[in-house]
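Me: Could you take a close look at one surface spot on this protein for me? I'd like the greasy bit explained in plain words, with the cut-offs spelled out.

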Amino acid sequence: MDETDTLAEGEVYCSWIDRDGRPGHTVGPVLVTRSPALHPGDIQLAKAVTVPENSKLRDLHNFIAFSSKGERDLPSQLSGGDLDGDLYHIIWDSNLIPKTVKTPASYPRALPIDLGREITRQDIADFFIDFMEQDQLGIIATQHKILADQLTEGALHPDCLKLAELHSTAVDFSKTGIPIDEAELPSSCRNNIYKPDFMAPGRKVKIQERGISFVPEQVDFVEPDDSRRAGEPRPHRYYESTKILGILYRSIDESAFFTDLHNRSPILKDDSRMTKGVLFDLWEYVLAKTTGIEWEDYIEDAWRMRNAYDATVYDIILQYSTSFPDPLEEIEVFIGQVICRHGYSSKRQREYMTGMKEKYDGEALKFMAAMRENYNDLTDENEYAALCRSMACLSVGIQGPRECKRKTEGGRRDTFAWLAAAAVMRELEALEHSRVVGSLEKGWGMFKKALRLK
């Protein structure tokens, strides 16, 4: 908010620093909004202006200042913004600025529940459980998007306006303690099994040695019943949306995009480079930087660590695979994301992904620490032991599994090498730093000796 009292009612000052470090600001009509914008009045017009050279606002960048004058400040008109870290979208492209805007919503402010006594830990625990059980924010937002596409009036339909009001209350549930009763949702939200195509699951893909490939698309895709647990809503059907989101969605040809990406990538096109890839290029770089360092003595330790890593990843795959005939790939465990090979991600898979990522990240940190420390927990007099051990791990990671007999189906098995590569680069950076410091100390010593000779 403009505390210098420079901006008039309806004016804003928007300043930024560009990629070259040069300051700039826009002048003229702008469209201002912020997410979420469910009510038609959550998008408003303003006049961007410049300010005097001696204004304190000139010292600020990458921000927008709103006028403090007028009956109602602009932030409060945009989904009830209260400037507590809100991010605003400012559009000055004349092609995207409408001639008129709708009246902003004005909802009564909900007062927090007053217990009339001091809050206890049990109160906090009870509220946490109530919040998890009664939070309807995601449902309201999703239903608003669906109805706005299906109804002729769009976001101006009374049902959408009702959802926008409920959403405003649901956003503050964690602050006020006032939940939304599911019965308050418009009747048009109930038993609506149709969704626009831009909300459909992604294409079914298959992980391959050279990236991913699309499986032929299904016609009239319907989510299968086995993608949901008992008590979950019925599967949805998807229709072709005729509104702008549907048009934009269908204008993107995923198959053409990935085909073009494949054709542009020299690694994916060249078999010899596919065999080596980035890891081999990195390995050659490391060898060039570490001439004279004897890392081969750590090979056997590295192989034992590699086999232990493979076994750990295999156990995670068994623990978090939701389908035994179609287990997770090692790369999925590594990135912490299950590729939607069935074209959708079930609730069960989404729940498992969070636990899988936390489990793998914890194990990965242990292995990286072991690479940079002594794997056998013995005193190592080699001052370059951490670098040597990391290099040995990178070497065996590039070569692939040797002794581990438990292998997963498909997928590349070089994730151990990527961990080792991260450890090597850290040690290499430390080595370069120590060489620079040592050189400076040596130079300083020679300088002091020359002064004494004089």
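Reply: Here's the nonpolar patch, followed by another residue and the overall numbers. One thing up front: this is a predicted model, where local features need pLDDT of at least 70 and side-chain atom pairs count only at pLDDT 80 or more, while totals for chains, interfaces and linings use all residues. Residues are numbered from 1 along each chain as its sequence is written, and side-chain values use heavy atoms, with hydrogens and water left out.

Ile113, Leu115, Ile119 and Ile124 together make a nonpolar surface patch of about 400 Å². To join such a patch, residues need over 30% relative accessible area and no salt bridge (a side-chain nitrogen of Lys or Arg within 4 Å of a carboxyl oxygen of Asp or Glu), and nonpolar side chains (Val, Leu, Ile, Met, Phe, Trp, Tyr) are joined within 5 Å. Areas come from the Shrake-Rupley method with a 1.4 Å probe, and for residues only the protein chains shown count as cover.

Ile124 sits in helix H2, residues 121-134; helices are DSSP runs of H or I, at least four residues, and strands are runs of E, at least two, numbered from the N terminus. Ile124 counts as exposed because its relative accessibility is 56%, with exposed meaning over 50%, buried under 20% and partly exposed in between.

Over in helix H10 (residues 299-320) you'll find Tyr314, which is partly exposed at 23%. Tyr314 is 16 residues from Glu330 in sequence, and their C-alphas are 7.9 Å apart.

Zooming out, the protein has 14 helices and 10 strands, and 36% of its 454 residues are buried. Its accessible surface is about 28,300 Å², with 54% belonging to carbon and sulfur atoms.

Technical notes. Patches are made of residues with over 30% relative accessible area and no salt bridge: like charges are joined within 9 Å, nonpolar side chains (Val, Leu, Ile, Met, Phe, Trp, Tyr) within 5 Å. Buried means under 20% relative accessible area, exposed over 50%, partly exposed in between (1.4 Å probe, protein chains only).
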